[in-house]
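Colleague: Could you take a close look at a single part of this structure and walk me through it with care, as you would for a first-year student?

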Amino acid sequence: MRTAPVNHLEVLEAEGIHIIREAVAELERPVLLFSGGKDSVVLLHLAAKAFWPGPVPFPLLHVDTGHNFPEVLAYRDAVIEKLGLRLIVASVQDYIDDGRLLERPDGTRNPLQTQPLLDAIAEYRFDAVFGGGRRDEEKARAKERVVSLRDEFGQWDPRNQRPELWDLYNPRHRPGEHVRVFPISNWTELDVWHYIAAENIELPELYYAHDREVFDRDGMWLAVGPYSEPRGNELVRTLQVRYRTVGDMSCTGAVESDAADVAAVLVEVAATRITERGATRADDRLTEAAMEDRKKEGYF
Amino acid sequence: MGTREATSLLRLATAGSVDDGKSTLVGRLLHDSKSVLADQLAVVERVSKAKGLGHVDLALLTDGLRAEREQGITIDVAYRYFATPRRTFILADCPGHVQYTRNTVTGSSTADALVLLVDVRKGVLEQTRRHLAVAALLRVPSVVIAVNKIDLVEYDGAAYAAIAEELAAIATGLGITDVHTLPVSALTGDNIVNRSEQMPWYDGPSLLELLEELPVASDPGVGFRFPVQLTLRPQEAARDPRYVEYRGYAGRVSTGTARVGQEVVVLPEGVHTHIAGIDFAGVELEEAVTGASITLRLADDVDVARGELISSVADAPAPVTELDAMVCWLAEKPLLPGSRVLVKHGTRTVQARVAEILAKLDLDRMAPEEADQLALNDIGRVRVRLAAPVLAEDYTVSRRGGSFLLIDPQTQGTLAAGMIRGHEVFGNDFVADSWSI
C-alpha cells in the first residue's frame with residue numbers, strides 16, 4: 001500500500017499526468033513530439049501512465065533533421081514498436097532535397113526544424129502538441145506557459161500570453177490556431193534524472209559514458225560522423241564521453257564523463273556547474289536570444 | 001517510485017514595487033543557493049561589464065526576453081527553480097510594474113507563500129498594500145515580507161522595526177494569519193541565504209531558512225473531491241487483454257483522501273456508490289491523497305463523464321446555477337454587465353452570463369465602490385448566471401473547489417480569475433464588512 005504523492009518528484013509526476021489528461025480531454029487531435037531525447041522519453045512515460053490500461057491515445061511526431069545519431073533513431077523505433085504507437089516523421093532532409101529549405105552555411109539544422117514541424121501540424125490538423133520543454137532549460141522558456149497558444153502561423157507571442165491560474169488550464173483556441181502543451185514545465189534536469197532512476201526508464205545508450213571519436217570545435221566535443229567532419233586543424237581524439245542532450249549530430253556536443261549508469265549520472269548532474277544547453281548546444285550559443293527567436297517562429 | 005530521499009515542494013510567488021530590488025533578490029537567492037551555473041553567471045558578468053556596472057547585476061539572471069533586457073524591465077511572470085537538501089522550490093517571479101495585479105494574481109493563485117519586497121527607505125507604498133490585499137484575496141497561506149536595502153540605512157534596527165510593525169498590522173487586518181518579516185539586503189546578501197552579521201538586533205532566520213520551514217498549502221477541513229477528467233474504457237485497445245472490460249475514471253484528487261470501500265456521491269446527479277479500486281498505472285492503491293493523479297473504479301455500474309464530481313457524501317457541495325464571486329479582470333476588453341462567458345470550474349465548462357457587477361474593490365481602502373464595468377486589473381464582485389450547474393465551494397475553505405476561470409467564448413482567451421464567495425454571504429445585499437471573501 002502507498003499513498004501518493006509524497007515527495008516533490010511524485011508531485012511533479014501527478015501534475016504532469018493531470019496536464020496530459022486535460023489537454024486530451026479538451027482537444028481533438030493531440031500529438032507528442034518525440035525525439036528519443038530524455039525529456040520526450042519521460043513525457044511519453046507519463047502519457048503511458050496517464051491512460052493505463054489503455055494505449056497512449058495519440059501519435060508521436062519526430063522532426064528528423066537527417067543528422068540524428070543512428071543509435072537514437074534505433075531507440076526511437078524500438079519504443080514505438082514496444083508501445084504499439086504510430087510515428088509520423090517530418091523530414092528536414094526532404095525539404096532540403098526539394099529546395100523548400102536551404103542548408104545553412106554552418107551546417108546546423110536545428111533551426112530548420114520549424115517549417116517541417118509547422119507543416120506537419122497543419123497537414124494533420126493537430127491542435128495540441130505535447131513537448132518536453134522545461135522552464136529551467138533556458139531563459140525564454142522560463143516565461144513559457146504550461147499550455148501555450150500558437151497563432152495560425154505557429155508564432156509564440158511572449159508579450160501577450162494567457163494568464164495561467166491555479167491548475168485550471170485553458171487550451172481552447174480558434175480554428176487554425178493550436179496549443180503547445182508542456183507537462184514537464186516545472187521539472188529540472190536533475191528531476192528528470194531522478195525520475196529516470198526511480199522509474200527505471202531505458203534511454204539511448206549515448207546518455208551514458210562510452211568511448212567516442214570527437215574533435216574540439218568552439219570549446220565543444222563534437223562526434224566524428226557523416227554529418228560532422230573535423231575541419232583543417234581540428235584534432236580528432238578518442239575520449240570517454242556522454243551526451244547531456246540529444247539533438248542534431250552537427251551541433252550537439254558531448255561532455256567528458258565516466259558516468260556509465262544512471263546513479264553515476266545523477267551524481268554528475270547534481271555537481272555540474274554548467275547548464276545542459278550551455279555545455280552542449282551550439283545553436284543556443286548563436287546569440288543571447290537564439291531560443292527566443294526560434295520559439296517566436298514556432299520552434300518547440 | 002521509491003528510494004529517493006523525500007523532499008517537499010514549496011511554491012513561491014514574489015512581488016514588489018518598481019526598483020525595490022526584487023530581481024536582485026531572486027538573483028541572489030538563486031546565486032547563493034548555488035542554483036546558478038557557471039555559464040549563466042559568465043553571461044551576466046559579461047553583460048554587467050558591457051553596461052559599465054561596477055558590480056555583477058544579478059537581476060540580469062531573471063530577465064529572459066530581449067525586450068526585457070533592452071528596456072531593463074520584467075514583462076511577464078517567469079518561473080525559477082532551486083533546491084536545498086530539504087526542499088525543492090518553484091518560484092513565480094511576478095513583475096512589479098507592468099500589469100502588476102494580473103501578474104501577482106497569477107503567481108499567488110498557486111503559491112504556498114508570497115515573498116513581498118519593501119524598500120526600507122520608502123516604507124509602505126500604495127502598491128505594497130495592494131500586493132498584500134491580493135495575497136489576502138487569493139488566500140496565499142503564508143506571507144513573508146522582506147524589508148530590503150537595509151544596508152543603505154546603516155543596518156538601522158529602528159527603521160526596520162517601524163516598517164515591520166506597520167506591515168504586520170496591515171497584513172493582520174487583511175486576515176492574513178501567517179506573516180513573517182525580516183530585514184535583508186539583496187545586493188550584499190545579508191539574511192538571504194546566510195544570516196547577516198551586520199544586524200545583532202535581529203536574531204531570526206535568513207530568508208532561505210524561513211522558506212525551508214514554511215508549511216506547504218493544504219485545504220484543511222474539506223472532504224474528498226475528485227473532478228473527473230476522462231473516462232478510461234480501453235475495450236479491445238487495452239494493452240493487456242485482462243483489461244478489455246475495464247472502466248475507470250481518471251482525475252486528480254482535488255482535496256481530501258480517496259479510500260477503497262469509501263462511500264461516494266457522483267455530482268451533480270447525486271448517485272451514491274462506493275470506490276471499488278484506486279489504480280495508478282497498473283498499481284492498486286489503498287488510498288490516494290490530495291494532489292494524486294489516479295484512476296478510480298466504482299462499485300456500481302454508473303455512468304460518469306468529464307465534468308462530473310466524485311465526492312465524499314457527508315459534506316458534498318450543492319449544485320448551483322448562480323455564483324456570487326470575486327473576479328480579477330485580466331483582459332484588455334472591459335467586463336460589462338450581461339456579457340456572455342464560459343465558466344471553467346474544475347473539469348467542468350459551462351455557458352454563463354455575468355448578470356450583474358455588484359461593485360469594484362478599491363484596493364487601497366479594501367472597500368467597495370460602485371462600478372458599471374470592470375477594466376483590466378480591476379477586482380470586483382459579480383453575480384454569474386450559469387446555463388448548467390457547477391459544484392461550487394467557498395474559496396476561503398477550498399482554493400481548488402472555489403476557483404474558476406471566465407473564458408471568452410469567441411476569442412477563447414482567459415478573461416478573469418474567479419473566487420466563489422461563501423454561502424453565508426451568498427445572496428446578501430452588499431455591505432462593506434462582508435466584502436472580502
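What follows is a connected account of one strand and then of the contacts between larger parts.

Modeller: Please keep in mind that this is a predicted model. The part I would look at is strand E2 of chain B, residues 78-83, where five of the six residues are buried, so the strand is largely enclosed by the rest of the structure; buried here means that 20 or more other C-beta atoms lie within 10 Å of a residue's own. E2(B) pairs with strand E3 of chain B, residues 87-93, in the antiparallel sense over six bridges, and a hairpin of three residues joins E2(B) to E3(B). Within this pairing, Phe82(B) stands opposite Phe89(B) in E3(B).

To place the strand in its chain, the domain assignment of chain B gives domain 1 as 8-213, domain 2 as 225-312 and domain 3 as 319-434. The centres of domain 2 and domain 3 of chain B, taken over C-alpha atoms, are separated by 30 Å, and eleven residues of domain 2 of chain B are in contact with nine residues of domain 3 of chain B. On the domain 2 side of that contact, the largest share, four residues, comes from strand E7 of chain B, residues 225-232.

Chain B also meets chain A, in a contact that takes 55 residues from chain A and 63 residues from chain B. The largest share of the chain A side, eleven residues, comes from H1(A), and by class that side has 24 nonpolar, 13 polar and 18 charged residues.

How values were computed: Residues are numbered from 1 along each chain as its sequence is written. Chains are lettered from A and ligands numbered from 1 in the order in which they are written. This is a predicted model: local features need pLDDT of at least 70, side-chain atom pairs count only at pLDDT 80 or more; totals for chains, interfaces and linings use all residues. A residue is buried if 20 or more other C-beta atoms lie within 10 Å of its own, exposed if 12 or fewer, and partly exposed in between; C-beta atoms are placed from the backbone. Helices (H or I, at least four residues) and strands (E, at least two) are DSSP runs, numbered from the N terminus. Two strands pair if DSSP finds at least two bridges between them. Two residues are in contact if their C-beta atoms, placed from the backbone, lie within 7 Å. Ala, Val, Leu, Ile, Met, Phe, Trp, Tyr, Cys and Pro count as nonpolar, Asp, Glu, Lys and Arg as charged, and the others, Gly among them, as polar. Domain bounds come from an automatic or database domain assignment.
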